[in-house]
Amino acid sequence: MIKDDRTERLTFMSELQDEAQGSPEDTSVLYENEEFQQYTEEALRPGGLELTRKALKIAAFPVGSRLLDIGCGCGKTTEFLALECGMEALGIDISAELIAKAKARNSTLNVQVGSVYDLPYANDAIDGVLTECVFTLFEDKPLALEQIRRVLAPGGKLIISDLYIRENAQAFSQLPMVTCINGITSQDVVCQEVAGAGFKLKEWHDETSVYKGFLAGLIMNYGSISAFWESLLGSCDKACTVQQNIKNVKIGYYLSVWEKE
């Protein structure tokens, strides 16, 4: 029996995730790190819930909308959507450890372990999808966006907030490890990828100021950015590799809201 292209990609990405979950260099090392979780108590990303509030205001979801938080982690945003915003909130994350923590903290949360490459929801079943600081982690963005578009209802909104390269994108090269920085691209590339998957851009906001504030907090907490990377990667050499690579480009942070066409 010959598999179609989508089935082949699903199988490949599933195998890739299985390997990554067993790897000490997986990005989940950062998000599962207790010290990092304590530092980012509100939400594991720049801007925290304040940026989520801004995104929800732009998207203008009615109360009771069914929203999916992809990469929900410990469930802070999912809980915020349900308890403070009155939404029907769902969360999904590849980390079983983080999902267990979310349920231990609040057993009423509708969160589960799962993959963006094979979302366990029906077609046209979701009013809005949030991908906050996880878009750069998607190894297969076309497949991820295909799945997101499939589950979104007609006119449904996609919220993306993440890192991007503001200047000198050509100077950035892939890092010799798996990190969220590895997937950063320019605004033009992000827009081409998402628009090409059948979404119309509603608004794009540069939110680099919240990223700079996040970095300042990391420096205060860890002593330096180099110390942060070394604590995460367990290697001074790898930390230096990251620092050397990213210093050649200007990294920013953005919030964008898209509509399913």
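Two strands count as paired if DSSP finds at least two bridges between them; strands (E, at least two residues) and helices (H or I, at least four) are DSSP runs numbered from the N terminus. The model is predicted: local features need pLDDT of at least 70, side-chain atom pairs count only at pLDDT 80 or more, and totals for chains, interfaces and linings use all residues. Residues are numbered from 1 along each chain as its sequence is written, and side-chain values use heavy atoms, with hydrogens and water left out.

**Exercise 1.** Find which residues stand opposite Tyr254 in E7.

Solution. Start with strand E5 (residues 152-167), which is joined to E7 by 10 bridges and runs antiparallel to E7. Here Asp162 stands opposite Tyr254. Then take strand E6 (residues 199-206), also antiparallel to E7, with seven bridges. There Asp206 stands opposite Tyr254, while His205 stands opposite Leu255.

**Exercise 2.** Place E7 in its sheet and state which strands stand at the edges.

Solution. The open sheet has seven strands in the order E3-E2-E1-E4-E5-E7-E6, with mixed pairing. Strand E3 (111-113) and E6 are the edge strands; each has a single partner, so one side of each lacks a neighbour in the sheet. From one strand to the next the twist averages 20 degrees, with axes fitted to C-alpha atoms (for helices, over the stretch in contact) and angles from 0 to 180 degrees between N-to-C directions.

**Exercise 3.** Decide why E7 is described as largely enclosed.

Solution. Count the buried residues, those under 20% relative accessible area (exposed is over 50%, partly exposed in between; 1.4 Å probe, protein chains only). In strand E7 (residues 250-260), nine of the 11 residues are buried, so the rest of the structure largely encloses the strand.
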